[in-house]
Amino acid sequence: GIALVAMLYRCNVMGLVGGGPSPQTPPNRVVLWDDVAQRGIGQLSFRQMVLRVLLRRDAIVVVLRDRIYIYHLATLRVRDKIYTSDNGNGLCSISHGTTTTTTTTANTPSSTISTVNASNNNTTNAVLDMVVAFPSV
């Protein structure tokens, strides 16, 4: 079975993550699938379960429980790594602008939503904004 599917706009490239009682791939692996060629064109493996996959023209974003990886889509090389608080639901959003990559994710312990500029080859992520989103429990 397949647990997660992310499609790159309206083209034939998809990001797939296995799941269910008889998964096609492990839940800690993202397979880039070309639907026209009917074959995998790349894969990324992690030590944690993949909670979400997002695709844009130049990047693939993989959300794990405590971090977000951003890869160059063409080369599958790590472009950036963003450490987050415990994000068990895989909450994340990514901009679709052409000049910068901006991600937004929840930070549960501090009850905030962080917007991070994760542009090309940033070694330090610039936090653009933190908004109190919900009261602490």
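This note goes through a predicted model point by point, from the overall make-up of the chain to single residues.

1. Overall make-up. The chain contains 12 strands and zero helices. Its pattern along the sequence is therefore β repeated from start to end, β-β-β-β-β-β-β-β-β-β-β-β. Of its 137 residues, 42% are buried. The accessible surface amounts to about 7,800 Å², and carbon and sulfur atoms hold 54% of that area. Among contacts with a separation of 6 or more, 26% join residues 24 or more positions apart.

2. The open sheet. Four strands make up an open sheet, with antiparallel pairing and the order β1-β2-β3-β4. Strands β1 (2-7) and β4 (39-45) are at the edges; each has a single partner strand, so one side of each lacks a neighbour in the sheet. From one strand to the next, the twist averages 25 degrees.

3. Pairings of β3. Strand β3 covers residues 29-34 and is joined to β4 by six bridges in the antiparallel sense. Toward β2, the antiparallel pairing rests on five bridges. Leu32 can be followed across both pairings. Its bridge partner in the pairing of β2 with β3 is Gly15, and in β4 it stands opposite Gly42. A further pair between β3 and β4 is Asp34 with Arg39.

4. Gly42. This glycine belongs to strand β4. Which residues does Gly42 contact, leaving aside its neighbours within four places in sequence? They are Val30, Val31, Leu32 and Leu76. Val30 lies 12 residues away from Gly42 along the chain, and the C-alpha atoms of the two are separated by 8.4 Å. Leu76, by contrast, belongs to the loop between β7 and β8.

5. The hairpin of β3 and β4. Four residues lie between the two strands of this hairpin. Gln38 is located in the loop between them. Its phi is near 60 degrees, a positive value in a residue that is not glycine. Most residues other than glycine have a negative phi.

6. The hairpin of β7 and β8. Strands β7 and β8 (78-83) are paired by five bridges in the antiparallel sense. One pair across them is Arg67 with Tyr83. The hairpin has five residues between its strands, and Leu76 is in the turn. Leu76 is not a glycine, yet its phi is positive, at about 60 degrees.

7. The largest nonpolar core. This core has 17 residues, and those touching the most other members are Val30, Phe46, Val50, Val53, Leu55, Ile60 and Val62. Two or more residues come from each of β2 (13-18), β3, β5 (52-56), β6 (59-63) and β7 (67-72). There is also a second, separate core, with nine residues, among them Leu54, Ala59, Val63 and Ile68. In soluble globular proteins, nonpolar side chains tend to be buried together.

8. Ile60. What does Ile60 contact once its neighbours within four places in sequence are left aside? The list consists of Val30, Leu32, Leu44, Val53, Leu54, Leu55, Tyr69, Ile70, Tyr71, Leu73 and Leu76. Several of these names appear in earlier points. Val30 is among the residues with the most partners in the largest core, Leu54 is in the second core, and Leu32 is the residue of β3 that pairs with Gly15. Leu76, the residue with positive phi in the turn of the second hairpin described above, is in contact with Ile60 and also with Gly42.

9. Cysteines. How many disulfides does the structure hold? The number is zero. A disulfide would need two cysteine sulfur atoms within 2.5 Å. Two cysteines can be described by their exposure. Cys11 has a relative accessible area of 32% and is therefore partly exposed. For Cys92 the value is 6%, so this residue is buried. The cut-off for buried is under 20% relative accessible area.

Methods:
Residues are numbered from 1 along each chain as its sequence is written. This is a predicted model: local features need pLDDT of at least 70, side-chain atom pairs count only at pLDDT 80 or more; totals for chains, interfaces and linings use all residues. Side-chain values use heavy atoms; hydrogens and water are left out. Two strands pair if DSSP finds at least two bridges between them. Axes are lines fitted to C-alpha atoms, for helices over the stretch in contact, and angles run from 0 to 180 degrees between N-to-C directions. Buried means under 20% relative accessible area, exposed over 50%, partly exposed in between (1.4 Å probe, protein chains only). Contact means heavy atoms within 4.5 Å. Accessible areas come from the Shrake-Rupley method with a 1.4 Å probe; for residues, only the protein chains shown count as cover. A nonpolar core is a set of buried Ala, Val, Leu, Ile, Met, Phe, Trp, Tyr and Cys residues joined through side-chain atoms within 4.5 Å.
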